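Got your viewer open? Load the model, switch to cartoon, and follow along one selection at a time.

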Amino acid sequence: MGSDAEVHLFDYQVYRELVVPAIQAFIKTGVAAPWLGAIIQGSNNVMLPAYREHYAAKFLHGADFQAHCSYLDHDWAWNGQHQSAKAWFVEWKERACRSSNCVEINQCPLHTSRQQGVADDLMLLFAEVVDLLCLGPSMFVGRTVTMRFYQAWLEQQGMEPAHPAYQLLNRLGQRGWVIGYGWGGSAEGIHGWLDPAETARLAYHLSKLELPAIKPSLEAMQQALKTFWNQDLRAEYFPNVAFEALGLAFIRNLALLAMQQQRGLIWVNS
């Protein structure tokens with residue numbers, strides 16, 4: 001059991017201007033845009049075709065996130081913070097909105113008063129659409145790890161939580177705390193993301209750290225990972241290098257590549 005953590009190049013513009021509005025409109029009206037309906041009906045995930053039929057009625061005249069949601073940001077980002085390495089493993093009820101005065105309590109699929117199944121199916125839909133429309137090339141950054149794995153190492157190197165790099169990594173690893181919930185028990189799901197401007201800032205700040213010098217290309221990073229796993233080659237090419245340093249070098253390089261394409265970054269465990 002477990003999950004591979006990967007950081008992808010992320011088409012934030014498509015996410016913000018197409019994906020989020022379309023899914024929110026589906027929740028509000030029960031009617032899927034033609035392209036979204038095609039994804040649902042054509043999905044290999046057997047739960048999704050049924051999702052439209054079973055939950056459209058529940059979402060009819062449902063929650064209006066743009067008008068009323070204060071738990072999540074405009075792009076469905078959760079802006080809270082947690083510091084536990086195991087925080088991603090907690091149950092849905094610990095993530096759900098607990099508002100007592102929101103006008104959408106009885107309609108919102110993300111409120112703790114609703115049955116978890118509604119939220120689960122929404123997450124399936126969200127993850128499928130993001131995967132199909134928004135994800136670019138990626139690099140492996142750990143097995144069943146969260147961003148806290150890297151933050152803890154940076155703290156050991158003397159970085160304060162107030163450092164800009166630390167804060168940006170926090171967003172990359174925690175914004176999906178609610179909408180990205182994977183419910184599988186091994187940290188599965190969309191952990192968080194950065195928009196292009198934040199990604200550029202992360203590239204700048206990580207470039208100031210003493211991390212392994214690896215050419216910012218997917219081929220070079222993949223070769224570096226293979227070298228690192230070979231104990232003999234690691235001793236020659238990466239002496240005294242922790243995996244955390246290598247992973248942060250990958251994130252730095254992905255941020256540099258994303259800058260060239262006006263992309264963001266997204267952390268996904270699967």
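The tour goes from the whole chain down to one helix, one residue and one cavity.

**Stop 1: the whole chain.** Bear in mind that this is a predicted model. Show the full cartoon: the chain comes to 11 helices and 4 strands. Turn on the C-alpha trace and line up the principal axes, along which the trace spans about 60 × 35 × 35 Å. How does the radius of gyration fit a compact globule of 270 residues? Such a globule would be near 18 Å, and the chain has 19 Å, which agrees. Colour by burial and 52% of the 270 residues count as buried. As for the contact map, take the contacts with a separation of 6 or more: 76% of them join residues 24 or more positions apart.

**Stop 2: helix α7.** Select residues 164-174, which make up α7. Is this helix largely enclosed or not? Of its 11 residues, 8 are buried, so the rest of the structure largely encloses α7. Show these as sticks: Ala 165, Tyr 166, Leu 168, Leu 169, Asn 170, Leu 172, Gly 173 and Gln 174 are the buried ones. Now bring up what they pack against: helices α6, α8 (196-207) and α11 (243-260), plus strands β3 (189-194) and β4 (264-269).

**Stop 3: Gln 174.** Zoom in on Gln 174, which lies in α7. Its relative accessible area is 4%, so Gln 174 falls under the 20% cut-off and is buried. Which side chain does the side chain of Gln 174 make a polar contact with? Add Asn 170 and draw the distance: the polar contact between the two side chains is 2.8 Å. A bit of helix geometry helps here: an α-helix has 3.6 residues a turn, so residues three or four places apart point the same way.

Next, select the partners of Gln 174 beyond four places in sequence. Gln 174 is in contact with Trp 78, Gly 80, Gln 81 and His 82, with Gln 151, and with His 191 and Gly 192.

**Stop 4: the cavity.** Keep Gln 174 on screen and run a cavity search. How many cavities of 30 Å³ or more turn up in the whole structure? The search finds 1, and the largest cavity has a volume of about 50 Å³. It is lined by 10 residues; His 82, Thr 146, Met 147, Arg 148 and Gln 174 lie nearest its centre. Highlight α6 (148-156) and α7, the elements that give two or more residues to this lining. Finally, colour the lining by class: 7 polar, 2 nonpolar and 1 charged.

Note on methods
Residues are numbered from 1 along each chain as its sequence is written. This is a predicted model: local features need pLDDT of at least 70, side-chain atom pairs count only at pLDDT 80 or more; totals for chains, interfaces and linings use all residues. Side-chain values use heavy atoms; hydrogens and water are left out. Buried means under 20% relative accessible area, exposed over 50%, partly exposed in between (1.4 Å probe, protein chains only). A polar contact is a pair of N or O atoms within 3.5 Å; within protein, one must be able to donate a hydrogen and the other to accept it, and residues adjacent in sequence count only if both atoms are side-chain atoms. Contact means heavy atoms within 4.5 Å. On a 1 Å grid over the protein atoms alone, a cavity is a set of points where a 1.4 Å probe fits but cannot get out, and a pocket is an open set with protein on both sides within 12 Å along at least five of seven lines; lining residues have an atom within 4 Å of a point. Grid points are joined across faces, edges and corners, and a volume is the space filled by probe spheres set on the points. Ala, Val, Leu, Ile, Met, Phe, Trp, Tyr, Cys and Pro count as nonpolar, Asp, Glu, Lys and Arg as charged, and the others, Gly among them, as polar. The radius of gyration is taken over C-alpha atoms; the globule rule is 2.2 Å times the number of residues to the power 0.38.
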